[in-house]
Amino acid sequence: MSKKILLLPGDGIGQEVIAEAEKVIGWMNREYGLGLECERDLIGGAAYDDHGTPLSDATLKLAHEADAVLMGAVGGPEYDDVPRDVRPEAGLLWIRKEMDLFANLRPAVAFDALMAASSLKAEVLQGLDILIVRELTAGVYFGKPRGMETLPDGTERCIDTQSYTRSEIKRIARVAFDLARQRNGKLHSVEKANVMETGAFWRKVVTELHQAEGDGVTLEHMYADNCAMQLVRAPKQFDVIVTDNLFGDVLSDCAAMLTGSLGMLPSASLGAVDSAGKRPALYEPVHGSAPDIAGQNKANPLAMLMSLAMMLQYSLGADDAAKRLEGAVQAVLSDGIRTEDILDSSKGQQAVSTSQMGDAIIDRLGS
Ligand code: IPM
Ligand code: MG
């Protein structure tokens with residue numbers, strides 16, 4: 001049975017890292033007979049250049065039809081003056097919203113071989129394995145009203161709105177409880193209940209849900225500012241963190257650096273299972289389009305390849321293939337093969353290119 005994968009490379013290094021994912025998909029098809037059929041389309045600046053919109057209806061239709069979407073990255077300085085509603089980032093926000101991908105899973109795992117690449121001490125990081133569950137389709141990213149207004153006295157004012165409904169909080173908390181149960185049973189729910197109305201509401205709803213259906217999960221509440229501090233002070237106290245869209249954006253970049261590089265963090269964005277048993281899903285590295293190194297064959301493709309591993313696990317039921325790919329990433333790192341972003345020059349390592357890193361993964365996958 002074949003499965004349809006929609007590839008959306010996007011902009012900048014998105015193009016280069018997705019090429020390495022295609023190599024691995026080819027290998028997976030040969031080795032595991034997964035029958036993955038890839039189609040390609042445009043998103044972000046690339047789509048804007050061609051169609052005047054960062055996400056066309058035709059692309060969205062392909063995304064809905066696909067079994068899973070694999071995305072690169074969007075954005076670049078050449079779009080700085082483009083109106084906000086058709087900027088590359090708007091394409092990413094639309095596809096998340098239109099596919100109702102409310103649950104964004106961002107695992108941060110510290111690899112032993114990369115301890116030196118992090119700015120933190122090895123003992124703080126060794127064995128680190130945390131999962132940030134970020135709400136992705138509500139909150140201040142989408143709240144209304146938003147925008148500029150001019151008050152009667154001529155004062156200019158700009159507004160963003162943070163808003164959450166009970167059901168929006170419940171469904172993301174439920175995903176987090178389930179994931180915590182499959183892991184170490186520890187969940188931190190993060191907000192600013194001391195300052196924000198939505199924060200106090202978030203805490204109330206999560207607490208009630210925990211009482212009703214939180215068996216097997218220990219729940220702790222934490223303020224977002226404290227969480228940022230604890231993530232760099234003692235990150236191993238965390239197992240699963242559930243938080244809103246904006247705090248999740250900020251805290252996941254912070255967690256990424258615990259692993260040594262933003263080039264190492266994968267993500268999965270999942271919707272609810274539909275009546276046909278299908279779960280809409282988009283997988284993307286957490287890093288951006290990195291215009292400063294785009295087109296130079298320098299980018300680290302590992303976050304993309306680990307996003308592919310998440311796709312194999314969550315969308316394709318191919319757990320063995322996912323483990324094999326994760327194992328190949330471990331092996332390559334243990335062998336000291338590094339792209340520039342994770343180089344340890346004190347060990348005399350030489351940086352490999354994006355495509356050489358992809359080839360090294362294929363080599364470790366073996367046959
Ligand atoms: C992310 C990114 C996006 C976000 C941008 C590119 C719109 O930072 O996925 O973390 O803010 O969600
Ligand atoms: Mg971000």
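Here's a quick tour of where ligand 1 sits and of two backbone oddities. This is a predicted model, so local features need pLDDT of at least 70, side-chain atom pairs count only at pLDDT 80 or more, and totals for chains, interfaces and linings use all residues. Residues are numbered from 1 along each chain as its sequence is written, ligands are numbered from 1 in the order in which they are written, and side-chain values use heavy atoms, leaving out hydrogens and water.

**Who surrounds the ligand**
- Glu89, Leu92, Arg96, Arg106, Arg134, Tyr141 and Asp249 surround ligand 1 (near here means a heavy atom within 4 Å).
- That shell splits into 2 nonpolar, no polar and 5 charged residues (Tyr and Leu count as nonpolar, and Asp, Glu, Lys and Arg as charged).
- Helix α4 (residues 88–98) chips in the most, with 3 residues (helices are DSSP runs of H or I, at least four residues; strands are runs of E, at least two).

**Polar contacts** (pairs of N or O atoms within 3.5 Å)
- Arg96 has a polar side-chain atom 2.7 Å from an oxygen atom of ligand 1.
- For Arg106, a side-chain N or O atom is 2.8 Å from an oxygen atom of ligand 1.
- Asp249 also has a side-chain N or O atom 2.8 Å from an oxygen atom of ligand 1.

**Backbone oddities**
- Most residues other than glycine have a negative phi, and most peptide bonds are trans.
- Lys144 and Pro145 are joined by a cis peptide bond, with omega about 0°, and Pro145 lies in strand β6 (residues 143–150).
- Asp100 has a positive phi, near 55°, and belongs to the loop between α4 and β4 (103–109).

Notes. Polar contact = N/O pair within 3.5 Å; in protein donor to acceptor, adjacent residues only side chain to side chain. 1 Å grid on protein atoms, 1.4 Å probe; cavity = no way out; pocket = protein on both sides within 12 Å on 5 of 7 lines; lining within 4 Å. Sits in = over half its atoms within 2 Å of the grid points.
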